[in-house]
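Below is a walk through a protein–DNA model, beginning at the DNA and ending with the aromatic side chains.

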2 protein chains.
Amino acid sequence: MVTIRDIAKKAGVSAMTVSRVINQSGNIKESTRKKVEKVIQEMNYIPNSAARSLTSKETKILGLLITDITNPLFTHVARGAEDKAREMGYRLLLSNTDGDLHKEADYLKFFLSTPVDGILFEACNDRSKENLNLLIEHDIPFVLLDRSVPGIHTDQVILDNRKGTFELMEHLIKQGHKKIALLQGPADISTARSRHEAYMKAMEKHALDINPHLMLAGDFTQNGGFQAVLRLLSLPDDEFPTAIFAANIFLAIGAIKCLRNQGYHIPDDVAVVCFDDVDPFTDLDPFLTVAAQPAYQFGYIGAQLLIERIENKAPQKPREVILAPEIIIRKSSLAPVRNVN
Amino acid sequence: MVTIRDIAKKAGVSAMTVSRVINQSGNIKESTRKKVEKVIQEMNYIPNSAARSLTSKETKILGLLITDITNPLFTHVARGAEDKAREMGYRLLLSNTDGDLHKEADYLKFFLSTPVDGILFEACNDRSKENLNLLIEHDIPFVLLDRSVPGIHTDQVILDNRKGTFELMEHLIKQGHKKIALLQGPADISTARSRHEAYMKAMEKHALDINPHLMLAGDFTQNGGFQAVLRLLSLPDDEFPTAIFAANIFLAIGAIKCLRNQGYHIPDDVAVVCFDDVDPFTDLDPFLTVAAQPAYQFGYIGAQLLIERIENKAPQKPREVILAPEIIIRKSSLAPVRNVN
DNA sequence: CCAAAAAATGTTATCAGTAACATTATTCAG
DNA sequence: CTGAATAATGTTACTGATAACATTTTTTGG
């Protein structure tokens, strides 16, 4: 391995001079700079970052902690984060928690021992607070993405979930739907809570009956959606909903699969809307009406906030960026309402 | 920051003893181990990995260089790689090259200066060779994923592209298609070449005319597919294909969009098959007949090969893992063949 | 042409661990 | 109970780069 001293010796200068050339710090005579640079080139020298980090206390690496890179929402978050990180001279470490608090904790410990200057964090749920406290103790900057965590006050980039829910709901209501089912996400995830609340508000605002039988707990998975619809199917006919609002796309897809299984047509028998969009690049016939999240922006802005924080260019006070969802109306919610009692 | 010497002082031992406790090396009396561990716990001590790396020359970080995490194929590659890396105590640095050789070169230099023990590498194209030579010079292990690079002999995980192509082609031919167009990928990417060759072989084997007008250069993008079909549309009727074999899904989707634009129906007017599958989790109505790649395996196995190589547990000789594609027949290729001259 | 200022370069110590060797404590056979 | 073997722990030096301070060289104004 070529070290800075090898370069120094060969160039006939001190290690410090080489260091100055590399970091463009201090004053260096043009001729020595050239000489040193030539030797660096010749010897194919690349500074050892471990040694650098040891003194500088920084690694130019960010950690990205998400539930699952395989979820299209997060692949775009990752891409946005990576792009911004790259722009600013940082790199990105990827981690999937699968929504598992223990994995999350493991990863955080990993990150603590690992060279990471800061962390982009999509929390598993409210109980991630304890894990985050570890970061706070160790004074590692982090930014929350998508989900906020009660009791944790930092920079965060979140979605206006209320707005998205409200607009989806009003879209359904405008179509004449009155019996709208809610497929909820886990109550300990902030986004799920916001969507739940906004669902209630929308129903109240339009003076629609809120039927507890139509509000089903789910877990943001296809299976959760499937099971929830099974429960809906056991309701008496006059309670059965004409529309479903699913708190995320997996719930919606599970729901649709179950409905189709049972011979229901969408949107003719039941309309379905949800949060999160499909992959726009490989889905030829997008079908779902959705509140699409600006996933790329989540990552991009998140990385920016984080790096500003790391480099002490951020104001003391935590910043909260709230992004607007985009409502995309598609076939799954476009049909005359049947079965209006 | 708590250092090993802080622990040592508080525990009344030397730094070396603490080091031994942490690394479970050498002989330590049970009582001192307990004592030291207690202090470590109390002080919330986490070893500084920069200092560690400085002597150990390893960082337990792998680089993952892919064209675009946003491509569903690679999100699953990334997930597979991350899972395996995690299992083996490594982490993953993510990078998107967008198929740009310069970005690729930049990233590699980045990686060289960065703590990375090895690299999972999806090459941009054959000219990535130069970039890879840099890695070889610096003696950094890497594994090629998906695309091989002529002149580079290392561990690689690739797909049996010939088999996939052949099976898709025979499927079309069995349906009675004789005029099958080929939407190629770039000729300087190994996978595109293999698919091209296998297309020719399949045509020859079944004694079908190979019409150069039906073989269109593309670039693995939707627009490439779109443009290619525009050229097909300018052919005389008796040359127009009854089926299209697209070398990847983006070409296929671009092609379908163009065809639908022009009022063609798929598969009734033209059948379409391609490599790569849609996102199975959010696409409600998968439509395309495809040769699906075991993307997760790419990453998982690739990471394994790489780590074995890093830890000198691999045989000297480069290993080549060839994975089999899975043919999934769907609507896009299922219709009686019209227009058979 | 000289002294003071500025520029250029060098020396030493340090970052947080750990390898290599050194020392002290303990065990155990005879 | 002794000395050799082994276990337990400590010291010192080193990893590669850089901060802080020191020294030498060059520039510049009077």
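Which strand has a phosphate oxygen 2.9 Å from a polar side-chain atom of A:Thr32? It is DNA strand C, and the pair is a polar contact (N or O atoms within 3.5 Å; within protein, one must be able to donate a hydrogen and the other to accept it, and residues adjacent in sequence count only if both atoms are side-chain atoms). This is a predicted model, in which local features need pLDDT of at least 70 and side-chain atom pairs pLDDT 80 or more, while totals for chains, interfaces and linings use all residues. Residues are numbered from 1 along each chain as written, chains are lettered from A and ligands numbered from 1 in the order written, and side-chain values use heavy atoms, without hydrogens and water.

DNA strand C is surrounded by 28 residues, a residue being near if one of its heavy atoms lies within 4 Å. Among the closest are A:Arg20 and B:Arg5. The side chain of A:Arg20 has an N or O atom 2.5 Å from a base oxygen of DNA strand C, and B:Tyr45 places a polar side-chain atom 2.8 Å from a phosphate oxygen of DNA strand C. Helix 2 of chain B gives the largest share of this surface, 4 residues; helices here are DSSP runs of H or I with at least four residues, strands are runs of E with at least two, and both are numbered from the N terminus.

Around DNA strand D there are also 28 residues, with A:Tyr45 and B:Arg20 among the nearest. Sugar and phosphate make up 61% of the atoms of DNA strand D within 4 Å of the protein. Phosphate oxygens of DNA strand D lie 2.6 Å from a side-chain N or O atom of A:Tyr45 and 2.9 Å from one of B:Thr32.

Away from the DNA, the model holds 10 aromatic pairs over all chains; rings of Phe, Tyr and Trp (its six-membered ring) pair if their centres lie within 6.5 Å, with planes under 30 degrees apart stacked, over 60 edge-to-face and the rest tilted. B:Tyr107 and B:Phe110 are tilted because their planes meet at 40 degrees, with centres 6.3 Å apart. B:Tyr107 is buried at 0% relative accessibility, whereas B:Phe110 is partly exposed at 22% (buried is under 20% relative accessible area, exposed over 50%, partly exposed in between; 1.4 Å probe, protein chains only). The charged end of A:Arg91 sits over the ring of B:Phe110, 3.9 Å from its centre; this requires NZ of Lys or CZ of Arg within 6 Å of the ring centre and within 35 degrees of the ring normal.
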